[in-house]
Amino acid sequence: MSERRAYVDHAATTPARPEAVAAFAEEAARTGNPSSVHDAGRGARRVVEESRELVADRLGAHPTEVVFTSGGTEADNLAVTGLARGTDEGPGLRRPRVLVSAVEHHAVLDPATHLSAREGAETVVLPVDATGRVLLDALDEVLARGAGGDSVVSVMWANNEVGTVQPVAEVVARARSRGALVHTDAVQAVGRLPVDFAATGLDALTVSAHKVGGPVGIGALLVRRGVPLAPLVHGGGQERGLRSGTLPAALVRSFAVALDLAIAGREAESARVAGLRDALVAGVLREVPDAVVRGPWPGGHPGARDGLARLPGNAHLTFPGCESEALLFGLDRAGVAASAGSACQAGVQQASHVLAAMGVPDAEARGAVRFSLGWTSTDADVEAVVGVIAEVVARARAAALAG
Ligand code: PLP
């Protein structure tokens, strides 16, 4: 089998860009707490504020709307819980209804569940169609049941497992006409699709650095000015009291550098990566004709027709008669780093809540593999996958029959 290693797991984390690594190294070598008043502190503060301006500009936000967090997970938690609580003063939820799509990342689903278990929220999980797209009629129906102004809606921009792009503009229009606040987890969308915070009319948006070629451990929640948000982390009052903690100037700068590069080259790069992705899918289907593409895909399965409404680098397939663990193990041995796309706890693959919500039977969902491409991907990566997939699947099938 192949000697070359192919990294096709960009949706899990994309390699850091050299410019972002250099920016981190340069800044990390300097001393200075951005909150200190002396010269070193002011220098660090300057770096943070210039980076904030860059992040805001590239995402269509105002600098005061950027709240730096430790990453996408924290930003999602802050959005869901912070918008529902609405204020740091007094107990109770100002917006006790939380509407989330069934295919959200656990960083959104779990705080929503937690709010209902611990703080009395009414959490409503919105269904999706066979491609993973949220059903707008269901959103309308749930919003019509309440006062609207009592609700927070969180629907992701694009799904991390099957790549489905959600109708964010329609979600915002419907939710806002009823007075609900809207958050979107744009972790997978930023740098791959055009994302403009102000233009979409969103109240909050999550972004994470390590999905755009920046470092792990930094991200941001964009929060529209005037939107009431209760902080989760209390302390030194940084980020206008919305997220305490010493600002990591080196991470912030590295994040801004990576984001700038990702957005500058986005259009051409997304087209290039989509071409590779299409070649990968075609090659895999040639080698394993009974594999099934999940998510929006022309002819992939009934209901999956909209080829445009999918992340450019995402190829998600299920292989009948296989367990994903065996497939991933076989791919890894053959030099291909992919993933199943769903949560993995202590090495044990959990059933995908995304595929279940799309109506994929459990037996089929068990054989899922997500190949995700990005800025370092080349034809050689596609060839590596296509070159080994038939043998890997044959072995996984044999193992399933024997086991
Ligand atoms: N939301 C989505 C859609 C993601 O894909 C991820 C990462 O896998 C996250 C949130 C979490 O982001 P982070 O790893 O920065 O905490």
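A polar contact is a pair of N or O atoms within 3.5 Å. Keep that cut-off in hand for the ligand site. The model is predicted.

Start at glutamine 188. A polar atom of its side chain lies 2.8 Å from an oxygen atom of the ligand. That distance falls within the 3.5 Å cut-off, so the pair is a polar contact. Histidine 210 offers another such pair. An N or O atom in the side chain of histidine 210 is 2.8 Å from an oxygen atom of the ligand. Threonine 73 joins in as well. Here a polar side-chain atom lies 2.6 Å from a ligand oxygen atom. On its own, the ligand has 390 Å² of accessible area, and the protein covers 85% of that.

Now step back to the whole shell. There are 13 residues around the ligand. Those that come nearest are Gly72, Thr73, Asp185, Ser208 and Lys211. Sorted by class, the shell holds eight polar residues, three charged residues and two nonpolar residues. Which helix gives the most to this shell? Helix 3, which spans residues 72-85, does so with three residues. As for the space that the ligand takes, this is the largest pocket.

Next, follow the chain to the loop between strand 8 (219-223) and helix 8 (249-264), where glutamate 239 lies. Arginine 240 is found in that loop between strand 8 and helix 8 too. Look at the backbone here. Most residues other than glycine have a negative phi. Glutamate 239 has a positive phi, near 50 degrees. Arginine 240 also has a positive value, with phi near 55 degrees.

Are the side-by-side positions buried or exposed? Buried means under 20% relative accessible area, and exposed means over 50%. Glutamate 239 has a relative accessible area of 8%, so this residue is buried. Arginine 240 has 55%, so this residue is exposed.

One more loop is worth a visit. Serine 342 is found between strand 11 (336-337) and strand 12 (344-345). Its relative accessibility is 15%, and therefore serine 342 counts as buried. Which residue lies 181 residues from serine 342 along the chain, with 6.6 Å between the C-alpha atoms? That partner is glutamate 161.

Technical notes: Residues numbered from 1 in each chain as written. Predicted model: local features only at pLDDT ≥ 70, side-chain atom pairs only at ≥ 80, totals over all residues. Heavy atoms only, no water. Near = heavy atom within 4 Å. Polar contact = N/O pair within 3.5 Å; in protein donor to acceptor, adjacent residues only side chain to side chain. Areas by Shrake-Rupley, 256 points an atom, 1.4 Å probe, with all protein chains shown as cover. 1 Å grid on protein atoms, 1.4 Å probe; cavity = no way out; pocket = protein on both sides within 12 Å on 5 of 7 lines; lining within 4 Å. Sits in = over half its atoms within 2 Å of the grid points. Helix = DSSP H or I, 4+ residues; strand = E, 2+ residues; numbered from the N terminus. Nonpolar A, V, L, I, M, F, W, Y, C, P; charged D, E, K, R; others polar. Buried < 20%, exposed > 50% of the residue type's maximum accessible area, 1.4 Å probe, protein only.
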